[in-house]
Structures are given as C-alpha cells and as structure tokens.
Amino acid sequence: MKLKNKILLLISYLLFSISAMGQITSSPYSMFGAGTIEAPGFGTNQAMGGAGIALPSGTFLNNLNPASYSGLDSLTFLYEFGAFLKYTDYTSAGYNQDRIDGNFNYLAIGFRFTPWLSTSFGIVPYSSVGYTIDTDGNIGGTTTTYNRNFTGSGGINKFYIANAFRITKNLSVGVNTSFLFGSIKQVETGSNNLSLSDYTLTTNKYIRNLYIDFGLQYAIQRGKNRYSLGLTYGPEVNLVSTYDLTLVYNSTTFPLTYSEDQKYLMPGQYGVGVAFMKGNRFTAALDYTLSQWSTASFANPQIRTQDNSRYSLGLDYTPRTSIIDRGFKKMHYRMGGFYATSYMIIDQQPINSKGMTLGIGVPLKNNRSMVNISLEAGETGTTSGNLIRERYMKLHFNFTLNDIWFQKQKYY
C-alpha cells in the first residue's frame, strides 16, 4: 500500500474512533465527579488482569507505561483497536436489575522512528457516565407526591501522543502527552400527579485540559530469561469545565447561567511493576498503582475520598513459537486477576472492586497480526447500607494488526 493511502487510512481510523466513542458504562456510581474511571490497558493487558507496567510493547501495544514503546521493532507498524460487550447485574436491598452495554473502546497506533525513539498515539476513554435514578417524595406540608428522575451520559476521552527514548540497551524512559476532553450531560426531571409543576433541568458540562505523565523501564537479559522493572508517575491536575444550564418549567424554557466553573481532579498517580519473560513462550507480570484521591472532595457530605490502590497479576503462555507451527500450538493463553480499593466512601462504605480474567490470542494467517478475546468477571460495590452491588461479565475484543512500513525494496 502506498504511503499516502496508509496515512489516509490512519486519519479515517482516528476520525471513526472519535465519533464512535461515547457512553460505555451504566453504573449508578458514575453520577459522582467525572464518572467511573476506566481501567487502563489494551487487549493483552486486559486479559492479564490489567497488569503490564514492566512489559515492553512488541507484538502488541502497552499503554500502561510510555517507556514500553522502545520495545517496538524497527520495521513494525502496529494498529490496535478494541471493543467490549458487558452484562451487569445490579442488586440493592433485595431488588435486582440487569443491563447489557457495548461499544467501541479505543484505537492506538505505534511505530519506531529511529533506533532510539519510538512513538504511539491514539484515543482511549478516561471516564464514563451512564445512569438512571428515580426517587419519590411528598411536597412539603401536603400529601401531593412527586417523582424526580436523574439521568446522566457522556464521559471524558483522552487523545495521547507518547514518545519512548532508549537511553541504554537496558534502560528506556517515556513521556506521554494527553489532551483530555469530553462532555457530561445530566438531566433532572420532576413531576407530580396533578401535573402542576413539571420541570426539566439539563446541565451540559464540557471538560478539557492537558496532561503529561512519565514512565521508565529497566530490563536484564539472562539467556532466554528477561527480568524487567517498570515505574510510572503522573502529577495531580485539575480538569477545567464549563457549564450550560437550561430549565424547562411547565413548557417554558429558561436559559440559566452558572456563576463559576467547576474543576475536576485528576489525582497524582504512581505505579510500579515487575515482569518475568521466558523467551516468547511465558510471561508473568505483577503491578501496583496508587492514585491520590484523598485530595479530592465532593459536594455531598455523605461522600468522602481516600487514596485508591490497585493490585494486578497476569500470566501469558503459548505452547510453540516456531513459524512452522499452526493452530492451537501458536495461540496465547492468558489469565489474571485484580483488586482495587475504593476512592469513594459512601455512608462509611467503600466501593471496592475485584475481578478475574481469562483470554486467548489467536494469530492470523501471516503470524504477525492477532485477534485477542478475553472474559472479565468482576464485582464493584456492596449491598451494605442500602448501596448497590454490581456483578458483571465483560467480553473484550481486540485486534492487533502488524504491518511492515519501513522495509526498503530491493530491485534486481
């Protein structure tokens, strides 16, 4: 394919990803702050419990650490895109409700510029909002009942450009520059059985800011065994938002103004990971990340914040790596697990998360590209204190397309 056509293809992929990404959650907990914070990681990481801070990119892209892109081959041009399908069961005070969600998830591209510089760019979700809540009550001093309905949708996306620099044979550092942008729509409606005071209050929040984070990877090779350490750091940043408010009362529209912009906190984040690789056949990775949410605050006095920790463990095994092998012998078999402490405490109850993952990677005919499929089973929240517990099954689909762009043609 000519270079011009390939560039046009990249642009079309990027435009498709921006237009396709939208609401990707249906959690009532997403009504707080900027919404549900999405777990990082692409297809291979997702199948390994979200672990990979110490893993290099190579046959796949690893966005958990910007230093990982130094592992890309000099002739390789990687495209990655993913989607998901999720079934969730919500339980609270003896009541159950279920829902199915699905959407395009991310798109990323990676390649090596020079022997010491590699680059990746793409668009991924940072947070998502999706909920519907109904409440009933009485108008003060009367027996007249009224209903209030709250719905929310949208979220924040992150367009990133990452550069990895190979300092020595064993050491790489990376810088990730991101532009966060998105909108959150919240609609409150109220009505009573006499239809005397129906109203709809619509709030559109437009959120944006730049963000820069950093990574480091150090690896030691001993024969076929590779031992690696990964570190990541991201500073605390406030995401700036502007508001549009509209009130519709008894069929009359009233545009409203908001006195000041609200800031959403993106907390300071630290990560450390270790990994062991035996040739191309076996990989084990263990990660720990800390997000400093304790400096954030919510307007609701029943909600307080604390620092959030996440522990992730993942394994990858393939029986054979020879180019002459076919079928199940060439497939990658992956598994993992994670546990994340809550950054929100609601009525003294933490909203912790835990889960297990299983996945496979199926090489395509050219043995360079791969289809990754993984199943994640997890739980978020609790039924204590009349809160909501979410139990879910999430199917991840990921395609890694490996193309050769920079090979010189020889003519005889």
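Is V272 buried, exposed or partly exposed? With a relative accessibility of 33%, V272 counts as partly exposed, because that value lies in between the 20% limit for buried and the 50% limit for exposed. Keep in mind as you go through these close-ups that the model is predicted.

**View 1. A nonpolar patch on the surface.** Here's the neighbourhood of V272, which sits in strand β12. V272 helps make a nonpolar surface patch of about 550 Å². Its partners in that patch are Y218, L229, L231, V274, L286 and L313. Two strands, β8 (225–234) and β12 (269–278), each put in at least two of the patch residues.

**View 2. β12, β13 and β15 side by side.** Strand β12 also has a pairing story to tell. β12 and β13 (residues 282–291) run antiparallel and are joined by 10 bridges. To find your bearings, look for Y270, which stands opposite L290 of β13. The hairpin made by these two strands has three residues between them, and in it G279 takes a positive phi near 60°. β13 pairs with β15 (residues 308–317) too, again in the antiparallel sense and over 10 bridges. For that pairing, look for S291, which faces N308 in β15. If pairing is new to you, strands of a sheet hold on to each other through backbone hydrogen bonds, and they can do so parallel or antiparallel.

**View 3. A three-stranded open sheet.** The strands in this one come in the order β14-β17-β18, with antiparallel pairing. Why do β14 (303–305) and β18 (349–350) stand at the edges? Each has a single partner strand, so one side of each is left without a neighbour in the sheet. β14 is joined to β17 by three bridges, and I303 has I346 of β17 as its bridge partner.

**View 4. The largest nonpolar core.** Now for the inside: this core has 26 residues. The ones with the most contacts inside it are Y29, Y126, I156, L180, L239, M344 and I346. Several strands give two or more residues to it, among them β4 (117–138), β6 (171–192), β7 (199–222) and β17 (344–346). The largest share, four residues, comes from β9. There's also a second, separate core of 11 residues, including F42, Y69, Y106 and A162.

**View 5. Zooming in on Y126.** Which residues does Y126 touch, leaving aside its neighbours within four places in sequence? The contacts include I156, L180 and L239, and those three are also among the residues with the most contacts inside the largest core. Y126 is in contact with T36, I37, E38, N157, M266, P267 and W293 as well.

**View 6. P28 in its loop.** P28 sits in the loop between α1 (3–20) and β1 (36–37). It's buried, with a relative accessible area of 16%. Not counting residues up to four places away in sequence, P28 touches Y90, Y131, I388 and E390. Take a good look at that last one: P28 and E390 are 362 residues apart along the chain, while their C-alpha atoms are separated by 9.5 Å.

**View 7. T44 in a helix.** To finish, T44 has its place in helix α2 (residues 43–47). At 4% relative accessibility T44 counts as buried, because buried means under 20%. Setting aside neighbours within four places in sequence, T44 is in contact with F60, R334 and N372.

Technical notes:
Residues numbered from 1 in each chain as written. Predicted model: local features only at pLDDT ≥ 70, side-chain atom pairs only at ≥ 80, totals over all residues. Heavy atoms only, no water. Core = buried A, V, L, I, M, F, W, Y, C linked by side-chain atoms within 4.5 Å. Buried < 20%, exposed > 50% of the residue type's maximum accessible area, 1.4 Å probe, protein only. Contact = heavy atoms within 4.5 Å. Patch = residues over 30% accessible without salt bridge, like charges linked within 9 Å, V, L, I, M, F, W, Y side chains within 5 Å. Areas by Shrake-Rupley, 256 points an atom, 1.4 Å probe, with all protein chains shown as cover. Salt bridge = Lys/Arg side-chain N within 4 Å of Asp/Glu carboxyl O. Pairing = 2+ DSSP bridges.
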